[in-house]
Amino acid sequence: MTADSSPARPARPAGPAVLGQNQYGKAETRVVRITRDGATHHIKDLNVSIALSGDMDEVHYSGSNASVLPTDTTKNTVFAFAQEHGVESAEEFGVRLARHFVTSQRPIHRARVRIEEYAWERIEHAGRGAHSFVRAGRETRLAQITYDGSSWEVVAGLTDLTVLNSTDSEFHGYVKDRYTTLPETRDRVLATDVSARWRFGWSDDARPAPAWNTSYAQVRDHLLRAFAETYSLSLQQTLYAMGSRVIDRRAEIDEIRLSLPNKHHFLVDLEPFGLENDTAGSAVYFAADRPYGLIEATVLRDGCEARIPADLTHV
């Protein structure tokens with residue numbers, strides 16, 4: 001076989017079965033990098049999952065591992081890259097890893113790197129140094145980077161961003177049938193746990209990559225501001241306001257998908273105790289965790305196609 005020829009495809013066993021899409025890798029490598037800047041320390045806490053695909057037919061058909069990079073090696077690469085290159089952002093770290101696996105291993109044609117980043121906040125105290133932290137009770141930052149040797153797809157996001165408006169939300173004028181018992185309301189609590197993914201327009205090395213950390217901070221801010229500033233007649237309306245604000249104000253983003261569970265807050269009936277309970281003054285609510293309404297939609301830049309899956313469970 002010459003250097004330019006393609007390897008022969010392995011003969012598959014006789015029978016009706018045909019190998020379809022396949023991938024392998026190491027899931028959920030937890031890596032914590034602590035940088036010491038004198039007495040001030042900084043933490044990056046990541047959960048990295050890597051999936052590799054390419055010329056992997058033979059290992060499935062015959063068990064030959066000649067083209068298989070061990071998953072233990074991918075784990076070691078995550079640790080080594082965290083030390084050698086640092087972690088500027090989840091996206092930048094994922095881009096570096098994906099490029100490495102595709103360009104260093106001939107059988108690997110595509111790499112997908114998924115990263116969860118956990119936030120830590122510094123504990124302010126009167127003692128010596130700045131090296132004490134508490135896990136922030138905020139959202140989890142997400143990134144998924146896919147590289148096939150020539151083009152990139154970067155999807156960033158967040159999950160478990162809990163928000164609440166204590167007023168400026170109504171719900172009325174909806175369809176009613178024989179099973180409808182929900183009363184209309186002109187003043188309700190609107191609460192949700194925001195799960196969002198957004199896809200960048202950047203797809204090749206001919207253009208500079210976005211400023212990942214700045215972009216994340218700005219998208220998060222726009223989501224929060226749109227939630228707070230929208231007088232809501234439906235959670236769908238609020239969702240579109242959040243997504244469209246990101247598309248309108250962040251030119252590097254072509255698509256955003258939002259999943260918003262409606263965290264219902266019901267006024268408690270206190271009449272049996274001789275107490276009023278309405279929204280004119282102070283009010284007491286029952287916060288129901290389930291069942292809940294689930295509102296999901298994608299907002300796109302005009303002319304762009306939707307690529308983020310409808311199910312965000314594994315993105």
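This text goes through two helix pairs and several single residues of a predicted model.

Two packed helices are described by the angle between their axes and the distance between the axes. Helix α2, residues 71–85, packs against helix α3, residues 90–104, at an angle of about 125°, and the two axes are 11 Å apart. An angle over 115 degrees but not over 145 falls outside the roughly perpendicular and roughly antiparallel ranges, so α2 and α3 are oblique to each other. Their crossing is right-handed. On the α2 side the contact is made by T74, T77, V78, F81, A82 and H85, and on the α3 side by F93, R96, L97, H100 and F101. By class, these residues divide into 6 nonpolar, 4 polar and 1 charged.

One of the α2 residues in this contact is T77. T77 has a relative accessibility of 10%, and because buried means under 20%, T77 counts as buried. Leaving aside neighbours within four places in sequence, T77 is in contact with L97, H100 and F101. A polar atom of the T77 side chain also lies 2.7 Å from the backbone oxygen of T73.

The second pair consists of helix α4, residues 212–229, and helix α5, residues 235–249. Their axes come within 8 Å and cross at roughly 140°. That angle makes α4 oblique to α5. This crossing, too, is right-handed. From α4, the residues V219, H222, L223, R225, A226, F227 and E229 meet T238, A241, M242, R245, V246 and R249 of α5. The contact has 7 nonpolar, 2 polar and 4 charged residues.

Two charged residues in strands come next. R141 is found in strand β6, which covers residues 140–147. With 9% relative accessibility, R141 counts as buried. What does the side chain of R141 join through a polar contact? The partner is the side chain of E91, and the contact is 2.7 Å. Not counting residues up to four places away in sequence, R141 touches S89, A90 and E91, then I115, E116 and E117, and also G157, W212, N213 and Y216. E91 falls within the span of α3, residues 90–104, and W212 within that of α4, residues 212–229.

D45 lies in strand β2, residues 40–54. Is D45 buried or exposed? Its relative accessible area is 3%, so D45 is buried. The side chains of D45 and R30 are joined by a polar contact of 2.7 Å. Apart from neighbours within four places in sequence, D45 is in contact with R30, V31 and V32, and with E116, E117, Y118 and W120. E116 and E117 are thus among the contacts of D45 and also among those of R141.

Two C-alpha separations give a sense of scale. D45 and P208 are 163 residues apart along the chain, and their C-alpha atoms are separated by 26 Å. P13 and V219 are 206 residues apart along the chain, with their C-alpha atoms separated by 51 Å. V219 is one of the α4 residues that meet α5, whereas P13 lies in the segment before β1. At 47% relative accessibility, P13 counts as partly exposed.

Definitions and conventions: Residues numbered from 1 in each chain as written. Predicted model: local features only at pLDDT ≥ 70, side-chain atom pairs only at ≥ 80, totals over all residues. Heavy atoms only, no water. Axes fitted to C-alpha atoms, helices over the stretch in contact; angles between N-to-C directions. Helix = DSSP H or I, 4+ residues; strand = E, 2+ residues; numbered from the N terminus. Parallel < 35°, antiparallel > 145°, perpendicular 65-115°, else oblique. Left-handed = near helix turned anticlockwise from the far one by under 90°. Contact = heavy atoms within 4.5 Å. Nonpolar A, V, L, I, M, F, W, Y, C, P; charged D, E, K, R; others polar. Buried < 20%, exposed > 50% of the residue type's maximum accessible area, 1.4 Å probe, protein only. Polar contact = N/O pair within 3.5 Å; in protein donor to acceptor, adjacent residues only side chain to side chain.
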